[in-house]
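Visitor: I have a model open and would like to talk it through with you. Could we begin with the packing and then move on to charged and aromatic side chains?

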Amino acid sequence: MFGILSFVTEMALMMLEPVYQTYKGLEAAESGGNGLEPTEWRRLLIHWIVYGAFRAVESLAKPWVPFYDLLKIGAIVWLRSGGSNTVYQMIIRPFLAENEPVIDEWIDQMNRTRETVMAATSVLSAAVTADPDAVDERVPEETMMPDPVLVNPQPVSTEPNTERKNR
């Protein structure tokens, strides 16, 4: 019962109005009209930051917190009535500021990994299609796989395996 109510509350208060306001602001900015005021942009950005954190915490808390859906409804109402700014100022902003170098390094690593995966996908796609022109010319040299090298290869005997025959 409360699961459906919490879903409807979340969609109505945390998604519909902020999505529409963000859309309106982007449309106005792109058309050269008067976009949203800076304070309104700040409110929307804080909303999306807090909502993202809320969803991340929710995935961990939901199985362990009794009456979670009922508490979620209360949290959503509180966040929309000014609690988002409080959560951002007291929890999220200090956390992000303190961990900014680590987060930046993690994001850089994720971007490097993404670029490597994309380059490897391009190489594999070209290998599968056997189309050498399909290889992206921008593939960095270090992402190319070297030819395999056998270290201390064991000689292959041409004699039949007598142990198996004697069993």
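**The core and its surroundings**

Guide: In this predicted model, the largest nonpolar core has twelve residues, namely Met 14, Ile 46, Val 50, Tyr 51, Phe 54, Ala 61, Tyr 68, Ile 76, Leu 79, Val 87, Tyr 88 and Ile 92.

Visitor: Which helix gives the most to this core?

Guide: Helix α3 does, with six residues, while α2 and α3 are each the source of at least two.

Visitor: And where does this core lie with respect to domain 1 and domain 2?

Guide: It lies between them, because domain 1 (8–66) and domain 2 (82–124) both contribute residues to it.

Visitor: Before I read too much into that, what does the protein average in pLDDT?

Guide: The average is 79, and 77% of the residues score at least 70. Among the elements, helix α3 (residues 68–98) has the highest mean pLDDT, 91, whereas helix α5 (residues 162–165) has the lowest, 54. Where pLDDT is low, the predicted coordinates should not be read in detail.

Visitor: Fine, on to charges. How many salt bridges does the structure hold?

Guide: There are eight, and one of them joins the side chains of Arg 55 and Glu 10, with an N to O distance of 2.5 Å. Arg 55 belongs to helix α2 (residues 38–61) and Glu 10 to helix α1 (residues 2–30), so this pair ties together parts that lie 45 residues apart in sequence.

Visitor: Is Glu 10 buried or exposed?

Guide: Glu 10 counts as buried, at 2% relative accessibility, whereas its partner Arg 55 is partly exposed, with a relative accessible area of 38%.

Visitor: What else does Glu 10 meet in a salt bridge?

Guide: The side chain of Glu 10 also meets that of Lys 72, at 2.6 Å from N to O. Since Glu 10 lies in helix α1 and Lys 72 in helix α3, the pair ties together parts that are 62 residues apart in sequence, and both Glu 10 and Lys 72 are buried.

Visitor: What about Glu 40, which residue does that one form a salt bridge with?

Guide: Glu 40 pairs with Arg 43, their closest N and O atoms being 2.6 Å apart. Both residues lie in helix α2, three residues apart, which is about one turn of the helix. Glu 40 is partly exposed at 21% relative accessibility, and Arg 43 is likewise partly exposed, with a relative accessible area of 32%.

Visitor: Which residues do salt bridges that share partners join into one network?

Guide: That network consists of Glu 10, Arg 55, Glu 58 and Lys 72.

Visitor: Changing topic, how many aromatic pairs are there?

Guide: The structure holds two. Tyr 20 and Tyr 23 form a tilted pair, with 6.1 Å between the centres and 35° between the planes. These two tyrosines are three residues apart in helix α1, so about one helical turn separates them. Tyr 20 is partly exposed with a relative accessible area of 47%, and Tyr 23 is partly exposed with 45%.

Visitor: And what is the arrangement of Trp 48 and Tyr 51?

Guide: Their ring centres are 6.1 Å apart and their planes stand at 70°, so the pair is edge-to-face. Trp 48 and Tyr 51 both lie in helix α2, three residues apart. Trp 48 is partly exposed, with a relative accessible area of 27%, but Tyr 51 counts as buried at 9% relative accessibility, and Tyr 51 is also one of the residues of the largest nonpolar core.

Methods: Residues are numbered from 1 along each chain as its sequence is written. This is a predicted model: local features need pLDDT of at least 70, side-chain atom pairs count only at pLDDT 80 or more; totals for chains, interfaces and linings use all residues. Side-chain values use heavy atoms; hydrogens and water are left out. pLDDT is the predictor's confidence in each residue, from 0 to 100. Helices (H or I, at least four residues) and strands (E, at least two) are DSSP runs, numbered from the N terminus. A salt bridge is a side-chain nitrogen of Lys or Arg within 4 Å of a carboxyl oxygen of Asp or Glu. Buried means under 20% relative accessible area, exposed over 50%, partly exposed in between (1.4 Å probe, protein chains only). A nonpolar core is a set of buried Ala, Val, Leu, Ile, Met, Phe, Trp, Tyr and Cys residues joined through side-chain atoms within 4.5 Å. Domain bounds come from an automatic or database domain assignment. Rings of Phe, Tyr and Trp (its six-membered ring) pair if their centres lie within 6.5 Å; planes under 30 degrees apart count as stacked, over 60 as edge-to-face and the rest as tilted.
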